[in-house]
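Below are some numbered remarks for a colleague who has not yet worked through this model. They are meant to be read with the sequence and the structure in view.

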There are 2 protein chains.
Amino acid sequence: MATKETKDSGIQPPRTLDGQLCFALYSANLAMGKVYRQLLAKLDLTYPQYLVMLVLWERDGVTVSELGDKLFLDSATLTPLLKRLQAAGLVARNRSTQDERQVIVTLTDEGRALQAKAADVPVDLFCAMDCDVETLGGLKAQLEMLRSNLSDAAK
Amino acid sequence: MATKETKDSGIQPPRTLDGQLCFALYSANLAMGKVYRQLLAKLDLTYPQYLVMLVLWERDGVTVSELGDKLFLDSATLTPLLKRLQAAGLVARNRSTQDERQVIVTLTDEGRALQAKAADVPVDLFCAMDCDVETLGGLKAQLEMLRSNLSDAAK
DNA sequence: GCTAATTCAATTGCAAGCGATTGAATTGTG
DNA sequence: CACAATTCAATCGCTTGCAATTGAATTAGC
């Protein structure tokens, strides 16, 4: 055999930077982060903090684990992030009385009020992406499939 | 006007977590990072470090700025990363004699030797993604377009 | 030739992100 | 009931990623 081949397929994955899908994913994500940083600056939120607020605006009063399941993050990331949101006066953290292991995250009045100020964010971001809706929808579906496959592969 | 609309388009970008392309991008990138962390553990590299090595394996002896242009990263990220690669014995960092402001990054013998050990990484990752090549190619092109558009939007 | 503007890497301070571990609370099993 | 296993949040240590700044080297303008 002259060159290494992918199992059973005979396909050659690219070995250079430019050829790799993963680098495109990585750098698109970085670029998205920069746009969000600008858009969210007026709300004093980072993108992961904004994601937590999105979850809470949809359904208030969730545990750290539930947040983690929705956002694919664990407590090592969420606990300090939630403390910062608490310090900013946007959420409260309270132990569940039913199960003292769980911490319930709740919106404060200020946190609820922030939703109105954040209304423009999805619109502005949609404009920044400058794509037609069909493309974005297809891209979203493919990325979700990719995330699912990669999650399965990672143990 | 009953609801806010995207400029001139009448289109409603999604406001919930599940609806957002950006979250799909963000979480797919996190999932990719976890797979790479496992694959690269045997090489003692992180994914950004691996990207730097990819660049150097393609063309040895590049400046920090050139690395930054290729990887869309700046010196605040690259300098400490390169110092870690240097501490690991994979690269050397030397001031250019032509222009003392520039730092030239060069592979050591050990760094060059690592390329052989990394040969399986793209293959393994391709398997982990579990997609056909056409899908991956299309996805890569769309992500590159998205990155470009977002970069333009961010200042 | 001299000063102003620019370029380049480095540094600082902060916020993720995660592997690994800890400790408390709960559940399961005999 | 007892006690082992599990679940859950928190903590530690490390590596990105970046805005802002610094300081040195180079280039441009006069």
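1. In this predicted model, an N or O atom in the side chain of Arg101(B) is placed 2.9 Å from a base oxygen of DNA strand C. The atoms of DNA strand C that come within 4 Å of the protein are divided between backbone and bases, with 76% belonging to sugar or phosphate and the rest to bases.

2. Two contacts with the phosphates of DNA strand C can be followed on chain A. For Arg84(A), an N or O atom in the side chain is 3.0 Å from a phosphate oxygen of the strand, whereas Gln98(A) brings a backbone N or O atom to 3.5 Å from a phosphate oxygen of DNA strand C.

3. Which residues come nearest to DNA strand C? Of the 28 residues around the strand, they are Thr46(A), from chain A, and Tyr26(B), Ser65(B), Lys83(B) and Arg93(B), from chain B. Both chains also supply elements to this surface, since at least two residues each are given by helix H2 (47-58) and helix H4 (75-87) of chain A, and by H1, H3, helix H4 (75-87) and strand S2 (91-95) of chain B. By class, the residues near DNA strand C divide into 9 nonpolar, 9 polar and 10 charged.

4. DNA strand D may be read in the same order. It is surrounded by 28 residues, and the closest are Tyr26(A), Ser65(A), Lys83(A), Arg93(A) and Thr46(B); of the atoms of DNA strand D that come within 4 Å of the protein, sugar and phosphate account for 76%. The elements that each supply at least two residues here are helix H1 (21-41), helix H3 (64-71), H4 and strand S2 (91-95) of chain A, together with H2 and H4 of chain B. The surface near DNA strand D has 9 nonpolar, 9 polar and 10 charged residues.

5. Contacts with phosphate oxygens of DNA strand D are found on both chains. A polar backbone atom of Val64(A) is 3.2 Å from one such oxygen. On chain B, an N or O atom in the side chain of Gln49(B) is 2.8 Å from a phosphate oxygen of the strand, and a backbone N or O atom of Gln98(B) lies 3.5 Å from a phosphate oxygen of DNA strand D.

6. Turning to the protein chains themselves, 68 residues of chain B are in contact with 67 residues of chain A. The area buried between chain B and chain A is about 6300 Å², and carbon and sulfur atoms give 73% of that area. The elements that give two or more residues to the side of chain B that touches chain A are helix H1 (21-41), helix H2 (47-58), helix H3 (64-71), helix H6 (120-129) and helix H7 (133-153) of chain B, and H1(B) gives the most, with 16 residues. This side of chain B divides into 43 nonpolar, 11 polar and 14 charged residues.

7. How many salt bridges are counted between chain B and chain A? The count is 0, while 8 residue pairs are found in polar contact across the interface, both residues of each pair being at pLDDT 80 or more.

8. Finally, chain B is superposed on chain A by a rotation of 180 degrees with 0.0 Å of shift along the axis, and the RMSD is 0.0 Å. That is the relation of a two-fold axis. Because 99% of the interface residues of chain B are also interface residues in chain A, the copies meet through the same surface.

Technical notes: Residues are numbered from 1 along each chain as its sequence is written. Chains are lettered from A and ligands numbered from 1 in the order in which they are written. This is a predicted model: local features need pLDDT of at least 70, side-chain atom pairs count only at pLDDT 80 or more; totals for chains, interfaces and linings use all residues. Side-chain values use heavy atoms; hydrogens and water are left out. Contact means heavy atoms within 4.5 Å. Buried area is the accessible area (1.4 Å probe) that two parts lose on being put together, summed over both. A salt bridge is a side-chain nitrogen of Lys or Arg within 4 Å of a carboxyl oxygen of Asp or Glu. A polar contact is a pair of N or O atoms within 3.5 Å; within protein, one must be able to donate a hydrogen and the other to accept it, and residues adjacent in sequence count only if both atoms are side-chain atoms. Helices (H or I, at least four residues) and strands (E, at least two) are DSSP runs, numbered from the N terminus. Ala, Val, Leu, Ile, Met, Phe, Trp, Tyr, Cys and Pro count as nonpolar, Asp, Glu, Lys and Arg as charged, and the others, Gly among them, as polar. A residue is near a molecule or strand if one of its heavy atoms lies within 4 Å of it. Copies are superposed by least squares on the C-alpha atoms of residues with pLDDT of at least 70 in both.
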